[in-house]
Amino acid sequence: MKEKILIIEDDPKISRLIEIELKFEGFEVSFAYDGKEGLNSAKYNSYDLIILDLMLPKMNGIEVCKRIREFSEVPIIMLTAKDEISDKVVGLDYGADDYMTKPFSNEELIARIKALIRRTKKRNNQEEFVYEDLKINYSTYEVFRGETLISLSKREFELLDYLVLNKGIVLSRDKILENVWGFEYIGNDNILDLYIKYLRDKIDKPYERKFIQTVRGLGFIFK
């Protein structure tokens, strides 16, 4: 069965170019041309991934993303003509899995789509991760330290997931960006420092036992 992708984009030319590449790769493609139409399509249909433009008529992409996350964990890649890090952080905090700035290469978009779908399927096959007092429930997207429920954004959850899957291994900045933010991530890598800080503030700071450690000059390790 073909994997289904919804493109929510108000520019028909961009939608058409993406569609050509996706169909060539064997995906089934649907369209929505404004935020409200896209939200309704996501709500009443099943998709393997959504490509969502930030600037949309009737409802902007951030609001669409926020509302989709109320009923679905479908992977979302957000597109925008803006390149400010603040816009990226806002979009990711509301549940987008990846972020691409226009113009982008179709090859990179396809690679990120495939990586996200693979990662989602892998996670769906694993129900729970437990290490000392840390527990991650993949079916409910809940994280606990002891009996305390820790609230994480979608991106924070993805980052923690990648760190724990590589427990005891030093991960370079480039490797984390490539695997969590997308294939050959292009952008300001300060976003990684920002999200490591977010994660440490929630997972480590309130507790004596610290899991996320910096290896100077090399990257980060979960141990």
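This report walks through the predicted model shown above, from its overall make-up to its sheets, its cores and a few single residues.

The model is predicted, and for this reason local features are given only where pLDDT is at least 70 and side-chain atom pairs count only at pLDDT 80 or more, while totals for chains, interfaces and linings use all residues. Residues are numbered from 1 along each chain as its sequence is written, and side-chain values use heavy atoms, with hydrogens and water left out.

## Overall make-up

The protein chain has eight helices and 11 strands; here helices (H or I, at least four residues) and strands (E, at least two) are DSSP runs, numbered from the N terminus. Of its 223 residues, 48% count as buried, where buried means under 20% relative accessible area, exposed means over 50%, and partly exposed lies in between, using a 1.4 Å probe and protein chains only. Among the contacts with a separation of 6 or more in the protein chain, 59% are made by residues 24 or more positions apart, a contact being heavy atoms within 4.5 Å.

## The parallel sheet

Five strands form an open sheet in the order S2-S1-S3-S4-S5, with parallel pairing; two strands are said to pair if DSSP finds at least two bridges between them. Strands S2 and S5 (98-101) stand at the edges, and because each has a single partner strand, one side of each is left without a neighbour in the sheet. From one strand to the next, the twist averages 20 degrees. Helix H2 (residues 35-44) packs on this sheet and touches S1, S2 and S3, and its direction makes about 160 degrees with that of S1; such angles run from 0 to 180 degrees between N-to-C directions, along lines fitted to C-alpha atoms, for helices over the stretch in contact.

Within the sheet, strand S1 (residues 4-8) is joined to strand S2 (residues 28-32) by five bridges, and isoleucine 8 stands opposite alanine 32 in S2. Together with helix H1 (residues 12-24), S1 and S2 make a right-handed β-α-β unit, right-handed meaning that, with the strands pointing away from the viewer, the path from the first strand over the helix to the second runs clockwise.

Aspartate 53 is found in strand S3 (residues 49-53), and its bridge partner in S4 is leucine 79. With a relative accessible area of 3%, aspartate 53 is buried. Leaving aside neighbours within four places in sequence, aspartate 53 is in contact with Ile8, Glu9, Asp10, Gly61, Leu79, Thr80 and Lys102. An unreviewed UniProt entry lists Asp53 for "modified residue: 4-aspartylphosphate", and such annotations may be inferred rather than shown by experiment.

## The antiparallel sheet and the hairpin

A further open sheet has four strands in the order S6-S7-S8-S9, and the pairing is antiparallel. S6 and strand S9 (148-150) stand at its edges, each with a single partner strand, so one side of each is left without a neighbour in the sheet. S6 and S7 pair over four bridges, with tyrosine 131 opposite leucine 134 in S7. Helix H6 packs on the sheet, touching S6, S7 and strand S8 (142-145), and its direction makes about 115 degrees with that of S7.

Strands S10 and S11 form a hairpin with three residues between them, and in S11 the bridge partner of isoleucine 212 is phenylalanine 222.

The table lists residues with a positive phi.

| Residue | Place | Phi |
|---|---|---|
| Glutamate 132 | loop between S6 and S7 | about 55 degrees |
| Tyrosine 141 | loop between S7 and S8 | about 60 degrees |
| Glycine 217 | turn of the S10 and S11 hairpin | about 80 degrees |

## Cores and single residues

A nonpolar core is a set of buried Ala, Val, Leu, Ile, Met, Phe, Trp, Tyr and Cys residues joined through side-chain atoms within 4.5 Å. In the largest one, which has 29 residues, Leu159, Leu160, Leu163, Ile176, Trp181 and Phe222 touch the most other members. Elements that each supply at least two residues of this core include helix H6 (154-165), helix H7 (173-181) and helix H8 (190-203). A second, separate core of 20 residues includes Leu6, Ile50, Ile62 and Met78.

Arginine 119 has its place in helix H5 (residues 106-124) and, neighbours within four places in sequence aside, is in contact with Glu158, Asn179 and Val180. Finally, a cis peptide bond with omega of about -5 degrees joins lysine 102 and proline 103, and proline 103 is found in the loop between S5 and H5.
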